[in-house]
Amino acid sequence: MSIVYNEKNRTIKLDTPNTSYVLGIHNGGFLINLYYGRRLPDDNLWNLSFRHTNASFSPSDPEYTDFSTDVAPMEYPTNGRGDFRVSALSVRGADGSSTTDLRYVSHSIFSGKPDMPGLPHLYTDDDSLCETLEIIMKDPLTEVEAVLIYTVFSDCDVISKHVRLTNRGNRTVRLERALSSCIDLPTMNYNLITLWGRHNKERQFERRPLAHGLQGIHSKRGSSSHSHNPFAALAEKDATESYGNVYGFSFIYSGNFTICAEVDHNSSTRIVMGIDPTDFGWMLAPGESFVTPEAVHVFSSEGLGGMSRIFHSCYDSYLIRGRWKNEKRPLLINSWEAAYFDFDTDKLISFAERAKELGIEMLVMDDGWFGKRNDDTNSLGDWFVNEKKLDLGRLIDSVHSMGLKFGIWYEPEMISPDSELYRSHPDWCVHVEGRKPSVGRRQYVLDVSRPDVRENIFSQINSILGKYSVDYVKWDFNRNISEAASALLPPEKSGEFFHRFVLGTYELQNRLISEYPDLLLENCSGGGGRFDPGMLNYSPQIWTSDNTDPIERLSIQFGTSLCYPASVMGAHVSACRRTGYRTKGDVALWGTFGYELDPNKLTEDEQGIVKEQVAEYHKYYDLIHAGSLYRLICPWDNAFVCAWSFVSKDKREALVTLVRIRKEENKIFHLMLEGLAPEAVYTIEGTGESYSGALLMYAGLDLSHCAQNDGESFKLHLIAE
């Protein structure tokens, strides 16, 4: 059993293979977070619940004067009842008060994991692989019931949480905060690690020590955004890639979010995660329910690398779904950087012909095929073929006759002011009545919270996919949401818009892959502006960044890898001039791999390199997509060189890659590997040199002579004898 209730101690213990999470039920019905960390045999941990109270300044329940919610490690803290730290739940009752007081009612434990209709979530087809705990809490005054739902997986150190809130009373209430998770830790001896960014510079590593008060990240842009990723970690101050305790937090959601850490006057740390409460409010009529998105928690005693590998394994196994979860994905070439809007049928056919010669397996036609679209000023929303520019049937037939697959680009949630759809339905864009809507990238946002808008979008997509044989769709989202309102929502429900918009997007993408289960869907948002676990539940890969410069990509891909596996990272070789094609290919191998260039402009030597890279893609595909990642030298630790490796699960094979960012004169450089079997003997392919795993990890290899110049790269393929 992974979840055990001790009736005598009134504790509930959740165990993963290497971690324990222990809850206590206080006599007053308060639910306490007693412990989260390395696995323990004990379940009576009440001695860990003590927090120093502050006399009358920390109010207590009149029946339990030795207990104060202001200092206790509350499992799901509420607003207004004496806990003055950041709260997870705030309900405004019919009397206008936002005081919320949840007390334990009952709990149940069962095999499997409940479905979360309409929301992306972790899943399993085998109930024996996980176990779920549901704890029913209730506020006696508002009669709001909160069911806290935890799932523990038997083969990875992951605990997921979400909450189902139901109005059991007879008067309407309003949710003003409805977060998914809270964890209280007894010290502040941590660094907060987050991923900040912007367009073309997504998911940049940032590490800062906790301080008293509030610190964290959020998005109120209508998407998870380029600015901050819905991921954070608390790492002990001396934790490294391979050593130390680290807590990881990831939010399976694609809209506004918050991850907030607070250090209180006792130097204890609380971290909460969920939908950002800014502009959020959800009306619950009697009998209605609201389900929060799922939060994923990881603990590792093996540093940041250990945390990342747990997330990778979990998301590869329990988040990605459909045909392309395990099936090898086609190596593609995308038309965007090759032609932008300047293409016709014959030009794209020529791309496919040359791609076929190089061994590439799919042609993707990007923006510019629909409406009257020859630049970015018009036609979003008009998803019909520009027949003056393109014979789509002839193009697809030609591509398929060569044995290649065919893909197409859409931006379904957007609408151009200059479009037939906008002229017919100007009210369908997101806007506030009486205010002129802002324009971003010369486009508005369609109100996909509306069923009629979603039906129109899907109907248009279906008219193309139902007529033509399309193998792949790239789904883009190229601006943030302003003037957030829907014409269909009454004023009292205006706070529901952002969440309803995200639910509408999920419904559309789920409908698409349900109608076309063999379709490979790749999400994009100006590159990595919606690179989050929510999107991964519908598409097994996401375009990591519009920035294809291999040196810039190092910090982007290293940062992304803190939470996300290589199998989901869209990475292409482009025609940028920063490095040679070998380095471009070595960096792009850490991902789904493809090309973003005009194949007709490749020199004979470059064509030879591409053919070698295509062969390497197939050779190393399983190792990269199913192996364990080790970040050997990170760009945030070293300005001169980066290195990483993929090690097979059985530790019999490894691929090591090194990139010289800039030359460093006359310095001895030993690279220490990780994740190998110490007793095994590994042979370096191509040289015949053999070394023990112990030597490779503890003494390292002298690579001072390898990749010495700016922008050069170097690979080692190791095979155990």
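Q: Before we dig in, what counts as a pocket here?
A: On a 1 Å grid over the protein atoms alone, a pocket is an open set of points where a 1.4 Å probe fits, with protein on both sides within 12 Å along at least five of seven lines; lining residues have an atom within 4 Å of a point. This is a predicted model, where local features need pLDDT of at least 70, side-chain atom pairs count only at pLDDT 80 or more, and totals for chains, interfaces and linings use all residues. Residues are numbered from 1 along each chain as its sequence is written, and side-chain values use heavy atoms, with hydrogens and water left out.

Q: Cool. Which residues lie nearest the centre of the second largest pocket?
A: Those are His199, Asn478, Gly526, Gly527 and Asp546, out of 26 lining residues.

Q: And how much space lies in that second largest pocket?
A: About 350 Å³, where a volume is the space filled by probe spheres set on the points, and grid points are joined across faces, edges and corners.

Q: What about the largest pocket, what volume does it have?
A: The largest pocket comes to about 760 Å³. Its lining has 34 residues, with Arg309, His312, Ser313, Ser628 and Lys649 nearest the centre.

Q: How does the lining of the largest pocket divide by class?
A: There are 9 nonpolar, 13 polar and 12 charged residues. Ala, Val, Leu, Ile, Met, Phe, Trp, Tyr, Cys and Pro count as nonpolar, Asp, Glu, Lys and Arg as charged, and the others, Gly among them, as polar.

Q: Same split for the second largest pocket, please: how many of each class?
A: That lining has 6 nonpolar, 11 polar and 9 charged residues.
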